[in-house]
Amino acid sequence: MLLLTGALACTSTSQTPMSLRAEKDREAADEDTLESVTPEEIADVKTLEVFNRMHDENRHYLQLEHDTFMKTNRSLTKHVKAQKALFKGDTELAYEYISQGLNRDETADMLALKGSVYHSMGDNEKAEYYWNKAVERNTDVVSDLYPGLKYWYSQR
């Protein structure tokens with residue numbers, strides 16, 4: 001009866017006494033293998049682990065760098081399109097482009113350009129608001145590129 005109980009216990013775990021013995025043999029073989037590994041091989045494995053971790057981190061940083069570049073590129077494209085539209089006298093199109101650009105990234109140049117767009121539309125209150133934000137962000141934005149801003153800044 002005792003023998004039957006042991007057999008039932010083995011079948012309930014879906015392992016026969018023979019497979020249990022094979023598993024123990026594999027564990028013993030694994031232990032022997034670990035003992036035969038040289039310190040140089042262990043160092044190589046650790047070096048590989050460090051390399052893989054660094055590679056994953058670099059991939060993460062490269063993705064961040066790419067995402068930042070793409071965001072900046074899209075913002076810059078909107079800024080350039082807004083400048084071209086403003087220089088051609090199409091203030092509505094310039095306003096649309098610069099607003100889209102500012103939704104992506106708010107730089108001093110973009111704020112200054114939005115102020116210039118408002119100035120061209122005759123809304124000096126909003127122009128001064130955006131010019132003021134641009135100057136607060138970076139005083140180097142006051143240049144010949146934005147003559148309205150330069151004049152406004154000189155009168156303050």
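## Salt bridges around Glu106

At a relative accessibility of 24%, Lys133 is classed as partly exposed in this structure, which is a predicted model. Searching the whole structure turns up two salt bridges, and Lys133 takes part in one of them, pairing with Glu106 at a distance of 3.9 Å between the closest N and O atoms. Because Lys133 sits in helix H6 (residues 124–137) while Glu106 belongs to the loop between helix H4 (91–104) and helix H5 (108–121), this pair ties together parts of the chain that are 27 residues apart in sequence.

Glu106 is itself partly exposed, its relative accessible area being 33%. A salt bridge also links the side chain of Glu106 to that of Arg137, with 3.3 Å from N to O. Arg137 lies in helix H6 and Glu106 in the loop between H4 and H5, so here the parts tied together are 31 residues apart in sequence. Arg137 is partly exposed as well, with a relative accessible area of 46%. Through shared partners, the salt bridges join Glu106, Lys133 and Arg137 into one network.

The two pairs are set out below.

| Salt bridge | N to O distance | Separation in sequence |
|---|---|---|
| Lys133 with Glu106 | 3.9 Å | 27 residues |
| Arg137 with Glu106 | 3.3 Å | 31 residues |

As general background, side chains that carry opposite charge can pair when their charged atoms come close.

Key
Residues are numbered from 1 along each chain as its sequence is written. This is a predicted model: local features need pLDDT of at least 70, side-chain atom pairs count only at pLDDT 80 or more; totals for chains, interfaces and linings use all residues. Side-chain values use heavy atoms; hydrogens and water are left out. A salt bridge is a side-chain nitrogen of Lys or Arg within 4 Å of a carboxyl oxygen of Asp or Glu. Helices (H or I, at least four residues) and strands (E, at least two) are DSSP runs, numbered from the N terminus. Buried means under 20% relative accessible area, exposed over 50%, partly exposed in between (1.4 Å probe, protein chains only).
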